[in-house]
Amino acid sequence: MPYSLLSFALIAPVLLSSCKRPHKTSQLPHEAYIWQRHWTAPLHEALTRSTPLISRWHVLSAELERTGHWSDAHPDLSALQHTHRPIIAVFRLNGRLAHWDHRAVIDHITALLTQWKQHDLSPSGIEIDYDAAADRLSDYAAFLHQLHQTLPPSHTLWITALPSWMASFHLDEALQQADHVVLQIHAVRNPHLGLFDAKISQRWLTQFATRRHGPWSVALPAYGSRVSWDERGRITSVRSEATTLTETNIHTELLANPTVIASFIHDEESTTLDGLQSWVWFRLPSAEDQRAWSLPTWHAVLSHQPLRSAITIHVTQTDPALYELSLNNDGTTDALLPPTLTVQTSCPYTMDGSNGYVLNLSPSVPRLERRTNGLLSPGHSRTIGWVRCQNDTPHMVIGTPS
């Protein structure tokens, strides 16, 4: 799931009579992925505070890496048990794996499920997260068939699916092996197009409903990603969880806008798509997750509360001739930082930006320009620059004068 941000081919809309979307009014339940490998105090707090809003947890259990070696996660099984929610144990297979030993993978999954059972926790199902290229779907379907035969009757088999798979004739083979499918609609197709596109996602959902004959869900993003690409525009790395250890000259932070996704949910829940049963969020936010929404914002979206972001500007004198420029979020939801802010001052050459903003003196009026995307949580502030001026109080406005 975290590295499922592949370049997706846009699929043309399929206009079939079965795609008609009659009106409905029911709201879908919310589920969530717990993808963190280290269970810290902030994660436990997020789990406790979020459980009343979540109907099912999808918990990362292990990942088969590109090297062919397993990296097991160690979730807090006792904490999960105390949520009294169904648990799906997720096993991720690296998307760049073209071949693997099917029997060995199944044995590893079985061994981990046995460990869970020894701790008195039996998941209601397992999920395979494999971002395979479309030409691998036939072999993948064979693996899923073999896996399904080994599972106890009480365990359902879930898989994730990519929109790009809908161009493959072998998609049906894979879908037929799964009891439940989670369609991932968050992706980096192009660093300049963002992480989530509501119109494209709506087309994907409509198309998928014509291909999936059984229960399915939709994975939604509550996070951001740092995307780097080379001079030819090719994506070289996507970091959605850890901090980036190496810097490149060409990168950006892509973020899922809470207001946009809340509106998307409202629109989709006003219509009917055959088999669609729930929203599955990637991933459970915690206070230490720097690339996720704040927990209050996520909860507001889940509970369909009104969202209001309100960025206000503050110019604070910190010295007789020094002013600090900052932004506050006085709203109720995470707010995207403004792309530009115009600084009105008689001292344009004694100022600078900070915390993601840089000074541009080329216009007639100096302005601060945001170099990376970012969210400002409700009730929080961010210093974005300073001005040194002896005889003038600077002013700042959002945007660029026309």
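Colleague: Why is helix α8 largely enclosed by the rest of the structure?

Modeller: Bear in mind that this is a predicted model. Buried here means under 20% relative accessible area. In α8, the residues that meet this are L295, T297, W298, H299, A300, V301 and L302. The helix spans residues 295-302 and is largely enclosed because the buried ones come to seven of the eight.

Colleague: Which elements do the buried residues of α8 pack against?

Modeller: Two helices and two strands are on the list. The helices are α1 (41-50) and α7 (258-269). The strands are β1 (30-34) and β12 (276-282).

Colleague: Which residue just after α8 takes a positive phi?

Modeller: Look just past the end of the helix, where phi comes to about 60 degrees. The residue with that positive phi is H304.

Colleague: Is Q177 buried or exposed?

Modeller: Q177 sits in the loop between α5 (171-176) and β7 (180-184). Leaving out residues up to four places away in sequence, Q177 touches A141, L144, H145, H148 and L157. Its relative accessible area is 19%, and the cut-off is under 20%. So Q177 counts as buried.

Colleague: Which residue has its backbone oxygen 3.3 Å from a polar atom of the Q177 side chain?

Modeller: A polar contact needs N or O atoms within 3.5 Å. The distance here is 3.3 Å, from the Q177 side chain to a backbone oxygen. That oxygen belongs to E173.

Colleague: On to the cysteines: how many disulfides are there?

Modeller: The sulfur atoms have to be within 2.5 Å. Those of C347 and C389 are 1.9 Å apart, and the two form a disulfide. The link is right-handed, with 55 degrees about the S-S bond. The count comes to one.

Colleague: How many residues apart in sequence are the parts that C347 and C389 tie together?

Modeller: C347 lies in the loop between β16 (340-344) and β17 (351-353). C389 lies in the loop between β21 (381-388) and β22 (395-398). The pair therefore ties together parts whose separation in sequence is 42 residues.

Colleague: Are those cysteines, C347 and C389, buried or exposed?

Modeller: C347 has a relative accessible area of 19%, while C389 is at 2%. The cut-off for this is under 20%. So C347 is buried, and C389 is also buried.

Colleague: Which strands sit at the edges of the open sheet β18-β19-β16-β22?

Modeller: This sheet has four strands, with antiparallel pairing. An edge strand pairs on one side only. The edges are β18 (357-360) and β22.

Colleague: And what is the bridge partner of L359 in β19?

Modeller: Strand β19 covers residues 367-370 and pairs with β18 over four bridges, in the antiparallel sense. The partner of L359 in β19 is L368.

Colleague: Which residues touch the most other members of the largest nonpolar core?

Modeller: That core holds 91 residues. Another core, of 16 residues, lies apart from it, and includes L337, V343, L368 and V387. In the largest core, the two touching the most other members are I128 and W281.

Colleague: Last one: what share of the protein chain is buried?

Modeller: The chain has eight helices and 22 strands. Taking contacts with a separation of 6 or more, 75% are between residues 24 or more positions apart. Of the 402 residues in the chain, the buried share is 51%.

Key:
Residues are numbered from 1 along each chain as its sequence is written. This is a predicted model: local features need pLDDT of at least 70, side-chain atom pairs count only at pLDDT 80 or more; totals for chains, interfaces and linings use all residues. Side-chain values use heavy atoms; hydrogens and water are left out. Buried means under 20% relative accessible area, exposed over 50%, partly exposed in between (1.4 Å probe, protein chains only). Contact means heavy atoms within 4.5 Å. A polar contact is a pair of N or O atoms within 3.5 Å; within protein, one must be able to donate a hydrogen and the other to accept it, and residues adjacent in sequence count only if both atoms are side-chain atoms. Two strands pair if DSSP finds at least two bridges between them. A nonpolar core is a set of buried Ala, Val, Leu, Ile, Met, Phe, Trp, Tyr and Cys residues joined through side-chain atoms within 4.5 Å.
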